[in-house]
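Here are my notes on the two-chain model, jotted down as I went through it. Have it open beside you and tell me where you read it differently.

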Amino acid sequence: MTIALVDCESFYASCETVFRPDLKGKPVVVLSNNDGCVIARSIEAKQLGVAMGIPWFKIREDYLKKGGIVFSSNYAFYGDMSSRVMSILRSLCPKMECYSIDEAFLDMTDLASHYDLYEFGCYIRSVTKQWVGIPVRIAIGPTKTLAKVAAYQIKRQGIQSKVMIIDSHNRIDMLRSTPIREIWGIGSRMSHHLHGMGIDNAYALANSNIATMRKRFSVVIERMIRELNGESCIGLEESLSPRKQIIVSRSLRSPITRAEEARMPLSNFVARAAEKLRSEYQHCQRMSIFIRTNRFSNHRQACITDQQTFPVPTNDSRLMLRTANGMLNKIFRKGYRYSKLGVILDDCTLASSVQGDLFLAQDTHASKLMQSIDQMNQKGARLFFASQHGTFSYPRNQQQVSQRYTTCWEELPTVS
Amino acid sequence: MLLPFYLGPAYVGFPSPASDYMENPIDLNEHLIKNRTATFLLRAKGVSMIGACIADGAVLVVDRSMTPIHGDIVIASIDGDIICKRLLLRPQAALKSEHPDYPTIMISDCADVELMGKVTAVINQFK
């Protein structure tokens with residue numbers, strides 16, 4: 001196998017500068033919904049020391065004083081730019097998987113015998129840069145996990161060409177200099193466990209005993225070890241940590257103190273999450289809600305959560321809304337100023353793989369009803385459930401949003 | 001906007017004699033855009049290119065995948081500004097306006113020049 005991981009450099013920040021050549025060489029950051037935290041940084045912003053995820057208000061004054069540029073997130077624009085990059089990649093290598101908005105895996109096995117891979121990587125980079133204005137990195141290896149390692153090494157070593165191939169010559173060196181936390185699919189808990197066992201880089205993990213590790217952890221780590229040793233176990237459209245979670249949450253513009261005030265935003269988030277779930281043909285087994293105070297305020301702090309498991313995986317908005325509102329009534333505590341709430345859907349599975357419950361009536365009407373609602377809403381109707389109160393305006397507080405350069409006639413970039 | 005024909009199964013009465021000759025309606029996108037992925041629409045401001053039929057407010061179809069040659073209308077970024085000009089490569093590389101009041105920019109005088117794409121079509125809409 002020959003797998004390439006293509007990822008866009010500082011994607012959102014790169015998008016923002018495509019039609020703003022005046023920003024070249026300046027620090028640029030992009031903020032999350034409601035201008036909460038920094039979610040993308042240009043190289044110059046990284047050099048200024050802006051940390052990923054840092055709350056905007058903490059750095060605002062200092063950052064702007066240093067001449068930094070800031071944007072609210074503009075997903076309509078990023079989405080269009082992403083689909084352009086993806087369509088270039090698909091035209092160059094039809095076997096591809098969009099892994100996220102700014103990452104894709106290409107299966108280059110068939111191309112490897114016809115092309116010099118390094119040159120092919122450079123070509124991909126030059127085409128995306130010229131056609132769309134977005135620079136990409138290309139990391140190539142015999143497995144997805146090794147391609148991820150190569151991608152990490154491009155950053156670590158500051159490779160100028162942004163193209164890196166991991167092969168039998170350099171594999172050991174690269175694995176040795178890749179900390180365990182940077183391995184694809186290893187979370188903070190797992191990396192903690194592994195450190196405890198004296199395994200602190202990818203090379204140590206690759207040489208650990210497969211049988212022992214499988215017993216101690218799971219088959220997931222076995223596949224990881226095999227992949228690090230060059231044996232491909234994870235195909236395209238497959239991953240060790242698939243998206244099994246859907247989260248919809250927002251900061252509220254003004255804090256709330258009563259349960260009734262929380263009902264409407266929560267219901268909207270649940271309805272949105274359910275819609276997302278159905279758009280991916282999934283059912284979820286478990287739902288959690290959380291509501292919390294502003295961590296950065298001086299008021300009393302609280303963060304409360306509750307979760308409920310469904311007897312049968314579901315994607316029925318009605319059931320989910322009932323459940324969410326039930327949980328809200330149960331957990332809401334007075335005396336706090338809540339500023340953020342959200343819903344998390346867990347253990348999501350494809351609709352086709354849901355097993356029915358012998359003792360629960362199957363609701364075939366439900367799926368038809370949900371389908372109709374989604375279709376009508378996609379066509380611009382506004383169908384909603386009573387607890388959503390009919391308002392669908394999330395509290396948005398985006399001060400620095402750029403133009404929708406590519407999706408809106410009124411906002412086209414101008415030239416003189 | 002394209003309106004799809006409905007080729008449904010419900011033939012009530014005599015079928016349309018034209019039904020065998022249905023073709024897709026003319027699609028302006030297809031005519032104006034060769035490489036959708038690399039094509040962006042930009043709006044012209046001002047009259048510096050009026051001699052090339054680019055009016056104030058015209059929509060420019062810009063293909064970033066085409067390499068511009070001598071005489072092409074191009075989009076370029078020059079010292080932080082995005083401009084639309086005619087590219088001249090002879091006798092010297094220059095960006096020429098199509099209006100007597102606007103000067104020609106010599107590329108050798110600019111610190112930072114990047115050709116962003118070739119203008120492949122202009123849409124001037126009448127009010």
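1. I'll start in chain B, where β4(B) and strand β5 (residues 94-96) run antiparallel, joined by 3 bridges. For pairing, DSSP has to find at least two bridges between the strands. B:L87 has B:L95 in β5(B) as its bridge partner, and 5 residues sit between β4(B) and β5(B) in the hairpin they form. Helices here are DSSP runs (H or I, at least four residues), as are strands (E, at least two), and both are numbered from the N terminus.

2. A word on conventions: residues are numbered from 1 along each chain as its sequence is written, with chains lettered from A and ligands numbered from 1 in the order in which they are written. Bear in mind that this is a predicted model, in which local features need pLDDT of at least 70 and side-chain atom pairs count only at pLDDT 80 or more, while totals for chains, interfaces and linings use all residues.

3. On its other side in sequence, β4(B) (residues 81-88) pairs with strand β3 (residues 73-78) of chain B, antiparallel over 6 bridges. B:I73 is matched with B:R86 in β4(B). This hairpin has 2 residues between its strands, and B:D79 in the turn has a positive phi of about 45°.

4. Overall, chain B has 1 helix and 7 strands, with the helix coming before the strands in the α-β-β-β-β-β-β-β pattern. Of its 127 residues, 21% count as buried, that is, with 20 or more other C-beta atoms within 10 Å of their own (exposed means 12 or fewer, partly exposed is in between, and C-beta atoms are placed from the backbone).

5. Confidence: pLDDT is the predictor's confidence in each residue, from 0 to 100. Chain B averages 88, and 89% of the residues score at least 70. Among its elements, helix α1 (residues 28-32) has the lowest mean, 89, and strand β2 (residues 59-63) the highest, 97. For the complex, the predictor gives an ipTM of 0.84 and a pTM of 0.74.

6. How many residues does each chain bring to the contact? Chain A gives 15 and chain B gives 21, where contact means C-beta atoms, placed from the backbone, within 7 Å. On the chain A side, α4 (75-92), α5 (117-132) and β13 (414-415) each supply at least two residues. Strands meet here too: β13(A) pairs with β1 (residues 39-44) of chain B in the parallel sense over 2 bridges, with A:V415 opposite B:A44.

7. Chain A is divided into domain 1 (9-74), domain 2 (78-228) and domain 3 (246-388); the bounds come from an automatic or database domain assignment. The centres of domains 1 and 3 of chain A, taken over C-alpha atoms, are separated by 32 Å.

8. Now the largest nonpolar core: 89 residues, with A:A4, A:V29, A:A139 and A:A150 having the most contacts inside it. Such a core is a set of buried Ala, Val, Leu, Ile, Met, Phe, Trp, Tyr and Cys residues joined through C-beta atoms within 7 Å. Helix α6 (residues 144-157) of chain A gives the most to this core, with 7 residues.

9. Finally, have a look at helix α1 (residues 11-18) of chain A, where 7 of the 8 residues are buried. Those buried residues pack against β1 (3-8), β2 (28-31), β3 (38-41), β4 (69-72) and α4 of chain A.

Notes. Contact = placed C-beta atoms within 7 Å.
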